[in-house]
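Hi,

Here is the structure I promised to send over. Have a look at it first, and then read on for my notes on the aromatic side chains.

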Amino acid sequence: MHPIRRLSSSSAPNVSAALEKIAAQQQQLLNKWGFITKSVTLQSGEIMDYLERGSTSCSTTLLMCHGLTQDKTLFAPFAAAMRVPKSVRIIIPDAIGHGSRIPSALELGDDLKGWSNEERADDVLSFLDSINAPENLDVFGYSMGGGGGLTEEAIDETNSGLIRYAYRSIPEAEGMLEAVGFHPAQVKSRAPLLLASRIATGTAQNDYWARMWSGLANGLSMSGVGMTISEAMLDSTFSLSEEALEKTSTTVAVIQGSKDRIIHQDVPKRILEGLTSDRCSVHYLDQFGHSGNPDDENGYIATPAGPIAAEFFEY
């Protein structure tokens, strides 16, 4: 058992200074990449932020949907890795319950249950309507932003009460980073800052992220007679892919780390089976986990995934 280590008051000033420095560096990168932060009011009355590069005069619009516990700023490096041409407008919204939208979620109090994939998809459509986005879009989604069934390991941990993304101490943050595949050096260096950032949002002192994870996981675990939860998730993935084949002209590229411990390794296969090889391609990133590469101190999944996505979109 690891002793529970939390940020002490004596370390808070140093951590705060580090977070301020990181925020300044992130803003410099956003400026370099041409992003500006905008706000929009949804039909529900909620005000949310999003990043935008380019304008409605661009020939193509790329919508980018981030993963659980991320926000628009943390997802911008994925766009940078794709080297998206200036002719493409890029939009990166804060997902419901994330980033600028955390205060609204916290106001729900005990009514906060998290959101399923279907509810998140509806929320994205509401956002797109609010900014008058074009009907035809390129879409890049990562993890929660892309959907997909969970591994047996992730399901078993959840059922036992262990939710990696709901970390509230440094060892728990380290456990999450290790689970998504980061190198040990990155695990140690990132964990204190991740926890400090979470404390600053007011979501480390409660079960906020446990509820967010549960809403997502429960939404994925559609019931199936004689099926395990994991099998039901994969069956749902296949059914949705078949529906997309029949009702849309959608083409899909699925990119996954070969050592992913969060998204089930059969998800790409089920999407390929549903959409057929004419409409779907699958790419496995050797040695990568869900986010990082445990064998590479500088490994981050955006680096190899970006060029693959750019080629798929023909950028």
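Which residues form one aromatic cluster with Phe75? The others are Phe78, Phe140, Tyr142, Phe182 and Tyr300. Keep in mind that this is a predicted model.

Some background on the rings: searching the whole structure turns up 12 aromatic pairs. One of them is Phe75 with Phe78, a tilted pair with 4.6 Å from centre to centre and 35 degrees between the planes. Both residues belong to helix H2 (residues 72-82), where they are three residues apart, or about one turn of the helix. Phe75 has 0% relative accessibility, so it counts as buried. Phe78 is buried too, at a relative accessible area of 2%.

Phe75 also pairs with Phe140, again tilted: the centres are 6.0 Å apart, and the planes make an angle of 40 degrees. Here the partners come from separate elements, Phe75 from helix H2 and Phe140 from strand S5 (residues 138-141), so this pair ties together parts that are 65 residues apart in sequence. As for exposure, Phe140 has a relative accessible area of 9%, and because buried means under 20%, it is buried.

Then there are the charges over rings. Phe182, one of the cluster members, has the charged end of Arg190 sitting over its ring, 4.3 Å from the ring centre. A second case involves Arg198, whose charged end sits over the ring of Tyr167 at 3.6 Å from the centre.

If you open the model, I'd start at Phe75, since its two tilted pairs described above go to Phe78 and Phe140.

Cheers

Methods
Residues are numbered from 1 along each chain as its sequence is written. This is a predicted model: local features need pLDDT of at least 70, side-chain atom pairs count only at pLDDT 80 or more; totals for chains, interfaces and linings use all residues. Side-chain values use heavy atoms; hydrogens and water are left out. Rings of Phe, Tyr and Trp (its six-membered ring) pair if their centres lie within 6.5 Å; planes under 30 degrees apart count as stacked, over 60 as edge-to-face and the rest as tilted. Helices (H or I, at least four residues) and strands (E, at least two) are DSSP runs, numbered from the N terminus. Buried means under 20% relative accessible area, exposed over 50%, partly exposed in between (1.4 Å probe, protein chains only). A charge sits over a ring if NZ of Lys or CZ of Arg is within 6 Å of the ring centre and within 35 degrees of the ring normal.
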